Amino acid sequence: MLTLHPLAVVEAVLREGEELPFLRYNVGRMSGSFDNRIHHQDLVVLLDQPLRAGETIELDFVYDMEIANYASLLSWYPCPRGMGLELHTSRIEATYRRDHGFKATGRLVEERMNEDKTRTAVWVAEEPIDAAAFTLAQYPYEKSYTFEGLPEIVMFGTKSGYMSEEKIEGFSADIINSINFYQRLFGTAVSTDQLNVTFIASGHGQAGSGLLHISDSIAQPGQPGFANQGAREAFLAHEVAHEWWGHQLGWASYRDQWLSEGLAEYSAMLFVEASLDNGPKLFKQFLKASNDELTGSVASVFSAFGRAGLALDNKAARDRIGPI
């Protein structure tokens with residue numbers, strides 16, 4: 001049993017060149033309200049005989065998947081279902097137009113220009129990681145920062161539309177300061193020599209080992225929430241904190257997953273408290289908003305850290321919450 005992104009349309013599963021049968025529920029074809037490409041995330045591969053304990057097999061998956069300018073962690077390639085974090089190496093080879101740039105987890109080991117006006121890059125994670133991801137940027141811009149005791153920090157994004165060099169660079173101070181703050185607070189360094197901070201065409205952020213996905217909407221003027229003092233700093237610091245909570249310390253099952261999200265959020269609170277002039281006051285607002293979100297109160301919806309709707313959306317999760 002594996003999981004794969006609902007928009008990934010699987011054409012074949014191969015073992016040593018021979019096709020294997022597989023099962024995947026096509027959600028889209030069962031309703032006129034959905035695109036026919038939408039499938040259930042579960043992917044079942046049928047083997048000719050049961051696997052023995054400790055046995056290793058190699059499978060090749062052939063599939064098409066439409067993306068924006070990024071691929072999220074643990075979604076764009078087949079992963080074991082319900083087994084917690086599975087450490088693995090990765091090799092990502094991408095071919096793209098010459099006016100694009102590319103960043104991925106791991107390190108760049110090869111980059112070449114092709115005769116058909118495309119470019120190919122190969123990124124390899126030789127040490128086992130918990131998830132792989134990548135970002136693609138059209139008309140790319142990047143700037144590197146180096147400071148003693150910190151990893152090299154590379155800001156990377158698409159320089160077009162409302163994004164500009166200044167906006168891409170504009171978040172570097174919070175990234176650098178939060179890394180320095182956490183290294184001193186936790187007593188360990190970021191586990192990679194380079195941290196790529198990449199902007200994605202989405203409304204969320206995500207942190208891979210050595211690769212941060214940051215919503216490019218954070219750079220839009222008048223963006224709700226991010227315009228409030230402390231909200232932008234908390235958003236960035238939360239993703240940076242995952243370099244510790246989630247990658248240096250992971251989880252064995254869903255009951256332990258709070259170690260990643262919960263401690264990353266609390267770490268962001270500590271950074272806001274320590275780095276802003278009215279940090280202690282913002283810390284209390286942040287803590288109250290998180291508590292209200294958990295208990296179902298809407299009292300903090302209009303605060304800098306309130307997330308409208310989550311207090312109600314989380315009711316189902318609260319009803320089945322288990323002990324930590």
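This briefing walks through two sheets, three helices and one arginine in the structure above. Keep in mind that you're looking at a predicted model. One sheet is open and has 5 strands with mixed pairing, while another open sheet has 3 strands with antiparallel pairing. Helices α2 and α3 both pack against the 5-stranded sheet, and α3 also crosses helix α4.

**The 5-stranded sheet**

- Reading across this open sheet, the strand order is β14-β15-β16-β18-β17.
- At the edges you'll find β14 (140-145) and β17 (206-208), and each has a single partner strand, so one side of each is left without a neighbour in the sheet.
- Going from one strand to the next, the twist averages 15°.
- If you're wondering what holds a sheet together, strands pair through backbone hydrogen bonds, either parallel or antiparallel.
- Take β14 and strand β15 (residues 152-158) as an example: they run antiparallel and are joined by 6 bridges.
- One pair to look for here is Ser144 with its bridge partner Val154 in β15.

**Helices on that sheet**

- Helix α2 lies across four strands, namely β14, β15, β16 (194-200) and β18 (211-215).
- The direction of α2 is at about 150° to β15.
- Helix α3 packs on the sheet too, where it touches β17 and β18.
- Compared with the direction of β18, that of α3 makes an angle of about 155°.

**Where α2 meets α3**

- Helix α2 covers residues 172-186 and helix α3 covers residues 231-241; their axes are 9 Å apart and the packing angle is about 55°.
- That angle makes α2 oblique to α3, and their crossing is right-handed.
- On the α2 side, the residues in contact are Asp174, Ile175, Ser178, Ile179 and Tyr182.
- They meet Arg232, Glu233, Leu236, Ala237, Val240 and Ala241 of α3.
- Sorted by class, this contact has 7 nonpolar, 1 polar and 3 charged residues.

**Where α3 meets α4**

- Helix α4 spans residues 258-275, and its axis comes within 8 Å of the α3 axis, crossing at roughly 130°.
- These two helices are therefore oblique to each other, and this crossing is right-handed as well.
- From α3, the contact uses Glu233, Ala234, Ala237, His238 and Ala241.
- From α4, it uses Glu261, Ala264, Glu265, Ser267, Ala268, Phe271 and Val272.
- By class, you get 7 nonpolar, 2 polar and 3 charged residues in the contact of α3 with α4.
- Try spotting Glu233, Ala237 and Ala241 in the structure: these α3 residues take part in the contact with α2 and also in the one with α4.

**The 3-stranded sheet**

- This open sheet has the order β3-β2-β6, and its pairing is antiparallel.
- Its edge strands are β3 (18-20) and β6 (60-65), each of which pairs on one side only.
- Neighbouring strands here are turned by 35° against each other on average, direction ignored.
- Strand β2 (residues 8-15) runs antiparallel to β3, and 3 bridges join them.
- Look for Val13, which stands opposite Leu20 in β3.

**A closer look at Arg119**

- Arg119 sits in strand β12, made up of residues 118-129.
- Arg98 is 21 residues away from Arg119 in sequence, yet their C-alpha atoms are 5.4 Å apart in space.
- A polar atom of the Arg119 side chain lies 3.1 Å from the backbone oxygen of Arg98.
- Leaving aside neighbours within four places in sequence, the residues in contact with Arg119 include Ala94, Thr95, Tyr96, His100 and Glu111.

Key:
Residues are numbered from 1 along each chain as its sequence is written. This is a predicted model: local features need pLDDT of at least 70, side-chain atom pairs count only at pLDDT 80 or more; totals for chains, interfaces and linings use all residues. Side-chain values use heavy atoms; hydrogens and water are left out. Axes are lines fitted to C-alpha atoms, for helices over the stretch in contact, and angles run from 0 to 180 degrees between N-to-C directions. Angles under 35 degrees count as roughly parallel, over 145 as roughly antiparallel, 65 to 115 as roughly perpendicular and the rest as oblique. A crossing is left-handed if the near helix is turned anticlockwise from the far one by less than a right angle, and right-handed if clockwise. Contact means heavy atoms within 4.5 Å. Ala, Val, Leu, Ile, Met, Phe, Trp, Tyr, Cys and Pro count as nonpolar, Asp, Glu, Lys and Arg as charged, and the others, Gly among them, as polar. Two strands pair if DSSP finds at least two bridges between them. A polar contact is a pair of N or O atoms within 3.5 Å; within protein, one must be able to donate a hydrogen and the other to accept it, and residues adjacent in sequence count only if both atoms are side-chain atoms.
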